[in-house]
Amino acid sequence: MFSRYKKSGAAPEKAAKVKAPVDTPKPQPAEAPPKPTSLRRPSPTQTAAPSPADKDRKRKERLAEIKLDLHRSLLDNLNLAALDTATESDLRAEISSIAAEVLEERSIVLNREDRATLTQELYDEVKGLGPLETLLKDDSVNDILVNGPHQIFVERDGKLSLSDVTFKDEKHLLRIIDKIVSAVGRRVDESNPYVDARLADGSRFNAMVPPIAVDGSLVSIRKFKKDKLGIDDLVRFGAFSEEMAAYLQAAVATRLNVIVSGGTGSGKTTTLNALSSFIDNAERILTIEDTAELQLQQTHVGRMESRPPNVEGRGEVSPRDCLKNALRMRPDRIIVGETRGEEVIDMLQAMNTGHDGSMTTIHANNARDGISRL
């Protein structure tokens, strides 16, 4: 034992002070060289018990693998043609039954909580938008930002944070993107790598896929707010003072043209919605948007949505096309959700040819820069 320590660098002076012979099996403990604990002892990560976070991560990984296998089994066993007519309770019962059979066949034992989680996630895969469903149902989330399959950020109260929700891989993410865009008659692939769409609840959806998106598909979802904010709400939140609100109400009521400028996520559409509440209910309003977001309260509203070209490059309906047609529809006011291209010419013409009181939004740092952009 002493000879081993000596090989690893024990000093000869210390060895000389030892009274016992070199071949003595048990040298004096007090004179023995220090134990090379740093070389012999396993690292703390090897001996420490797994932390709750590690256990939770491993549990989620295991559930994700099981879910992937079960999803394949569901596609093989479910009658996909009957999904649209099946009630939610029937579909959940069928998914639970198929999952139980597969788990039993493979001798996989899950507790009640994991079974319920698995059934819910499988239902979301079949009828919903997979992992995104949890975030879409969370009313505190305003924006969902996906940077590849393993990184999903959410915005709550103006602050971004990384969520613990992930996709299995890039194929899984692409399948969900394709499910969203195909539902509104659009497509996204290598030849057409970006798309704007609208979810069933009205949320705005934008996606960009590889090869343009280098590290995995990029998805941005601006959630549709069910609660419509009025001018009083914006005053209460501190966005306007009472004097500003009174001035804007007078501006809309006296048919002044209004352009709301600001950066991304600054509340342009929210402000436009609030200002539109001052329009008289007897007026005919036509709205033009690339993705329908406006929530007008009036009775007489005609809504239009532009459309990109199809696979052959045909069928495009631009905001400018919508605006030209709107001028022939006897509008009292025209509201363009966002002006960002050549349609600004027609928008300004509409504002100056008898359609006073029209409104639009524009991306700009401030009001003066908004005029420069126009």
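# How do you know? Reading a predicted model

Author: Let's start with one pair: E305 in β9 is the bridge partner of E289. Keep in mind that this is a predicted model.

Reader: What joins β8 to β9?

Author: Five bridges do, and the two strands run parallel. Two strands pair if there are at least two bridges between them, so five bridges are enough for β8 and β9 to count as paired.

Reader: Which strand does β8 join through four bridges?

Author: That's β10, residues 333-336, which runs parallel to β8, residues 285-289. One spot to look at is I288, which stands opposite V336 in β10.

Reader: What is the order of strands in the open sheet of five?

Author: The order is β7-β11-β10-β8-β9, and the pairing is parallel.

Reader: Why do β7 and β9 count as edges?

Author: Each has a single partner strand, so one side of β7 (258-262) and one side of β9 (301-305) is left without a neighbour in the sheet. As for the twist, neighbouring strands here are turned by 20° against each other on average, direction ignored. Helix α14 packs on this sheet too, touching β7, β10 and β11 (359-363), and its direction makes about 145° with that of β11.

Reader: What makes the side chains along β9 an alternating pattern?

Author: G302 and M304 point to one face and are buried, while V301, R303 and E305 point to the other face and are not buried.

Reader: Why is H355 called buried?

Author: Its relative accessibility is 11%, and buried means under 20%, so H355 makes the cut. You'll find H355 in the loop between α14 and β11. Leaving aside neighbours within four places in sequence, H355 is in contact with N257, L327, P331, D332 and A350.

Reader: How do you know that D189 and R187 form a salt bridge?

Author: Their closest N and O atoms are 2.5 Å apart. The limit for a salt bridge is within 4 Å, so the pair qualifies. D189, at 30% relative accessibility, counts as partly exposed, and so does R187, at 23%.

Reader: Why is R236 called exposed?

Author: R236 has a relative accessible area of 57%, and exposed means over 50%. Its salt-bridge partner is D233, with the closest N and O atoms 2.9 Å apart. D233 has a relative accessible area of 18%, which is under the 20% cut-off, so D233 is buried. Both residues lie in helix α10 (residues 231-237), three residues apart, about one turn of the helix.

Reader: What makes the R340 and E338 pair a salt bridge?

Author: The N to O distance is 3.8 Å, and that is within the 4 Å limit, so the pair counts. Salt bridges that share partners also join R255, E283 and R333 into one network. In total, the structure holds twelve salt bridges.

Reader: Why does E343 have no salt bridge?

Author: The nearest side chain of opposite charge is R340, at 5.6 Å. A salt bridge needs the nitrogen within 4 Å of the oxygen, so R340 doesn't make one with E343. E343 is buried all the same. It belongs to helix α14 (residues 343-351). Leaving aside its neighbours within four places in sequence, E343 is in contact with P319, R320, L323 and E338.

Reader: Which strands are the edges of the open sheet with the order β3-β2-β1-β6-β5-β4?

Author: They are β3 (159-162) and β4 (194-198), since each pairs on one side only. This sheet has six strands, and the pairing is antiparallel. The twist averages 15° from one strand to the next.

Reader: How do you know that β5 and β6 are paired?

Author: Count the bridges: β5 (residues 204-208) and β6 (residues 218-222) share five, in the antiparallel sense. Pairing takes at least two, so they qualify. Among the partners, M208 goes with L218 in β6. Helix α9 (residues 170-183) packs on the sheet, touching β1 (143-147), β4, β5 and β6, and its direction makes about 135° with that of β5.

Reader: Where does pLDDT stay under 50?

Author: Over residues 1-20, for which the model has ten contacts beyond four places in sequence. Where pLDDT is low, the predicted coordinates should not be read in detail. For the chain, pLDDT averages 79, and 81% of the residues score at least 70.

Definitions and conventions:
Residues are numbered from 1 along each chain as its sequence is written. This is a predicted model: local features need pLDDT of at least 70, side-chain atom pairs count only at pLDDT 80 or more; totals for chains, interfaces and linings use all residues. Side-chain values use heavy atoms; hydrogens and water are left out. Buried means under 20% relative accessible area, exposed over 50%, partly exposed in between (1.4 Å probe, protein chains only). pLDDT is the predictor's confidence in each residue, from 0 to 100. Contact means heavy atoms within 4.5 Å. Lys and Arg count as positive and Asp and Glu as negative; His and the chain ends are not counted. Axes are lines fitted to C-alpha atoms, for helices over the stretch in contact, and angles run from 0 to 180 degrees between N-to-C directions.
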